[in-house]
Amino acid sequence: MREAAFGDRPEAEVWRALGGGVEERWLAAVVLGGQGRYAAAASVLGELIRGGGLFGSLAASTLASHRRQLGGHAAARVLDARALAMAPDGGGGDRDDVDPAGARADALLGLAADAVGTGRLAEARRLHARVEPHGWRSRVRHQWLAAEIALAGGHAEQAVPPAEAAAATAREAGATRHILKSDLVLGTALVVRGTPESVARGVDVLLCDLNHTDRRGLFSLVWPTALVLANAQADRSIAGKQNMKERAENALSCVLRRADPSGRRLADRSPWIPTALLRSGEPPNADPETNFLTD
């Protein structure tokens, strides 16, 4: 289950693990969320949250992440605050941050991401600065947030170095899903930076990323990657842009079908999620290049 959640098997079938112990069930929910199976994940995570303790805290942070991925930053903030309150005392030591220090880092980084999503950048910076990463996973997420804060502040050039660092850290850990998310952050930062060289490199990174996420069925990453590519180059052909938009639509539609009712309502009401892509003739309700990044 660790390999599926944090290793090289993010596409694995994990249904049997839902009947296991608390750690196994939490890991299964992490995998299901990466696959965009938010309803199945939410059912497990809700039970774990009610159980409290370390895995209650980790579960609350995980469910908050899924809510953010559907544009529900305010709802995620409540869950992240609960995760921080539940995080037990203690240090680190687990390679994947499945320990008290990792739970506190998850909650604080989640709160920082919530602040980015609701436009409170000063708060996001303060929360980000409070985090002391221990294992590779908290280091990667810390670097993602640094890039996302820079992007949200209009400093795309400052987003590239931490995105590069996140990608390198994830590759060193052999964590496929985190590698692909890091490449999405990096490719987006390069595209938003806007120089001819950075856009060309960003498009190359994102095209490779899309091939891998699509092949592994990680729909939560497929749709934002395709959407950035659809808007990445002014000189892309109309047919090429339309193809990428259709891939984004198909993946987002799949994600929304697999979401629980609360998640679908959050997505429909959120200015961050371009659900209007699914309604013919309507313009998207989000800036596709930056608004989906907070995880």
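Helices (H or I, at least four residues) and strands (E, at least two) are DSSP runs, numbered from the N terminus. The views below show a predicted model, in which local features need pLDDT of at least 70, side-chain atom pairs count only at pLDDT 80 or more, and totals for chains, interfaces and linings use all residues. Residue numbers start from 1 along each chain as its sequence is written, and side-chain values use heavy atoms, with hydrogens and water left out.

**View 1. Helix α6 and the glycine that follows.** Helix α6 covers residues 100-117. Its 18 residues should span 26 Å at 1.5 Å a residue (the expected span being 1.5 Å times one less than the number of residues). The end C-alpha atoms are 26 Å apart, which agrees. Of the 18 residues in α6, 17 are buried (under 20% relative accessible area; exposed is over 50%, partly exposed in between; 1.4 Å probe, protein chains only). Just after α6, Gly-119 takes a positive phi of about 80 degrees.

**View 2. Asp-97 in the loop before α6.** Asp-97 lies in the loop between α5 (73-86) and α6. Its phi is positive, about 65 degrees, although Asp-97 is not a glycine. Most residues other than glycine have a negative phi. Asp-97 counts as buried, at 1% relative accessibility.

**View 3. Packing of α2 against α3.** The axes of α2 and α3 are 8 Å apart and meet at an angle of about 150 degrees (axes are lines fitted to C-alpha atoms, for helices over the stretch in contact; angles run from 0 to 180 degrees between N-to-C directions). That makes α2 roughly antiparallel to α3 (an angle over 145 degrees). The crossing is left-handed (the near helix is turned anticlockwise from the far one by less than a right angle). Contact means heavy atoms within 4.5 Å. On the α2 side, the contact is made by Val-22, Arg-25, Trp-26, Ala-29, Leu-32 and Gly-33. On the α3 side, the residues are Tyr-38, Ala-40, Ala-41, Val-44, Leu-45, Glu-47 and Leu-48.

**View 4. A salt bridge between α2 and α3.** A salt bridge is a side-chain nitrogen of Lys or Arg within 4 Å of a carboxyl oxygen of Asp or Glu. By this rule the count comes to 16. One of them pairs Glu-47 with Arg-25, the closest N and O atoms being 3.6 Å apart. Glu-47 sits in α3 (residues 38-51) and Arg-25 in α2 (residues 22-34), 22 residues apart. Glu-47 is partly exposed, with a relative accessible area of 41%. Arg-25 counts as buried, at 17%.

**View 5. A salt bridge between α9 and α10.** Arg-171 and Asp-183 meet in a salt bridge at 2.7 Å, N to O. The pair links distant parts of the chain: Arg-171 belongs to α9 (residues 156-173), Asp-183 to α10 (residues 176-193), twelve residues apart. Arg-171 is partly exposed at 45% relative accessibility, whereas Asp-183 is buried at 10%.

**View 6. A salt bridge between α11 and α13.** Arg-247 forms a salt bridge with Asp-214, the closest N and O atoms being 2.9 Å apart. Arg-247 lies in α13 (residues 238-257) and Asp-214 in α11 (residues 196-215), so the pair ties together parts that are 33 residues apart in sequence. Arg-247 counts as partly exposed, at 23% relative accessibility. Asp-214 is also partly exposed, at 33%.

**View 7. A salt-bridge network.** Arg-2, Glu-23, Asp-94, Arg-95 and Asp-96 are joined into one network by salt bridges that share partners.

Methods: Parallel < 35°, antiparallel > 145°, perpendicular 65-115°, else oblique.
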